[in-house]
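Here are my notes for you to read alongside the structure. Have the 3D view open and click through the residues as you go.

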Amino acid sequence: MSNSHLFLKSGFPRAPLQNGLGRYVCQLQRITLKFCKNNGSSRGMRDFIENHLLDFAKENPGIVVYVKPRRHRTPVLVGEYLNGEREWMSCRNSTQEEISKWIDLLKTQNGSSSSLRLRKMWHTEVPSIQGPWTPFLLRSPDAQGQAYPSVEASKPLETPQTATEKLIELFRQQQLEASEEAHDVLNKKRAE
């Protein structure tokens, strides 16, 4: 088993809060294309810049595109995101189709989530599916129009019967049964 995962940043899977609820906000803020004008390993990057870069810039006006020629260096794509993350990708000996696919991948990500060691497979800011508790959670809608302080609102919603109340209720039932028996006996004697 490899220990290479120990050097990765750890975190929870996350997405930008409510992205797409009102409108979608692309998380890629700027992309930098670094290449060499003469080196053969930069041929795919140069082809992409000559043929597809203007179309990409027109289709994505929210992404700032920088082109940075460098002498005797390998071609590199650097994506910078709204959350401050930077994604660095080497494009040595890549074709223009591969580079356009990598750029599309950078455009659809929200940071370096691919190089993130997950602590858990899920994460939530509100741990209950019912939402946070409020004092008015179990109140009836009739309580909205009440004037406070109110005697009815100060009563508990449901109180369980105490042991003393149960004993009193049993005693009254026994008294009722005894009085009904006495009444029945009295009615029988009168009938005779």
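1. Start with strand β4 and look at which way its side chains go. V76, V78 and E80 point one way, while L77, G79 and Y81 point the other way, and all are buried. That makes β4 a mostly covered strand, with six of its six residues buried. Keep in mind that you're looking at a predicted model, not an experimental one.

2. Now see who sits beside β4. Strand β2 runs antiparallel to β4, and six bridges join the two. If you want one pair to click on, try T32, whose bridge partner in β4 is V78. On β5 (residues 86–90), the pairing with β4 is again antiparallel, this time over five bridges. Here a handy pair is L77 with its bridge partner in β5, M89.

3. The link between β4 and β5 deserves a quick look too. These two strands make a hairpin, with four residues between them. In the turn you'll find G84, which has a positive phi of about 95°.

4. Back to E80, the charged residue in that covered strand. Is E80 buried or exposed? With a relative accessibility of 15%, E80 counts as buried, because the cut-off for buried is under 20%. In general, side chains of opposite charge can pair when their charged atoms come close. For E80, one such partner is R30: their side chains meet in a salt bridge, at 2.5 Å from N to O. E80 is in β4 (residues 76–81) and R30 is in β2 (residues 28–35), so this pair ties together parts that are 50 residues apart in sequence. R30 itself counts as partly exposed, at 25% relative accessibility.

5. E80 has another partner as well. Its side chain also meets that of R86 in a salt bridge, at 3.6 Å from N to O. R86 is exposed, with a relative accessible area of 51%.

6. How many salt bridges does the structure hold? There are three, and the one we haven't met yet is between the side chains of D104 and K107, at 4.0 Å from N to O. D104 and K107 are three residues apart in helix α3 (residues 96–108), so about one helical turn separates them. D104 counts as partly exposed, at 37% relative accessibility. As for the bridges around E80, they share partners, and this joins R30, E80 and R86 into one network.

7. Next, turn to the surface. Which residues form the nonpolar patch there? They are W133, L137, L138 and L157, and together they have about 530 Å² of accessible area. W133 is in the loop between β6 (116–118) and α4 (151–154). At 64% relative accessibility, W133 counts as exposed, because that is over the 50% cut-off.

8. Last stop: a charged patch. E177, E180, E181 and D184 form a negative patch on the surface. One of them, E181, lies in helix α5 (residues 163–191). E181 is exposed, with a relative accessible area of 54%. Set that beside E80, which counts as buried and has its side chain in a salt bridge with R30.

Technical notes
Residues are numbered from 1 along each chain as its sequence is written. This is a predicted model: local features need pLDDT of at least 70, side-chain atom pairs count only at pLDDT 80 or more; totals for chains, interfaces and linings use all residues. Side-chain values use heavy atoms; hydrogens and water are left out. Patches are made of residues with over 30% relative accessible area and no salt bridge: like charges are joined within 9 Å, nonpolar side chains (Val, Leu, Ile, Met, Phe, Trp, Tyr) within 5 Å. Accessible areas come from the Shrake-Rupley method with a 1.4 Å probe; for residues, only the protein chains shown count as cover. Lys and Arg count as positive and Asp and Glu as negative; His and the chain ends are not counted. The place of a charge is taken as NZ of Lys, CZ of Arg, CG of Asp or CD of Glu. Buried means under 20% relative accessible area, exposed over 50%, partly exposed in between (1.4 Å probe, protein chains only). Two strands pair if DSSP finds at least two bridges between them.
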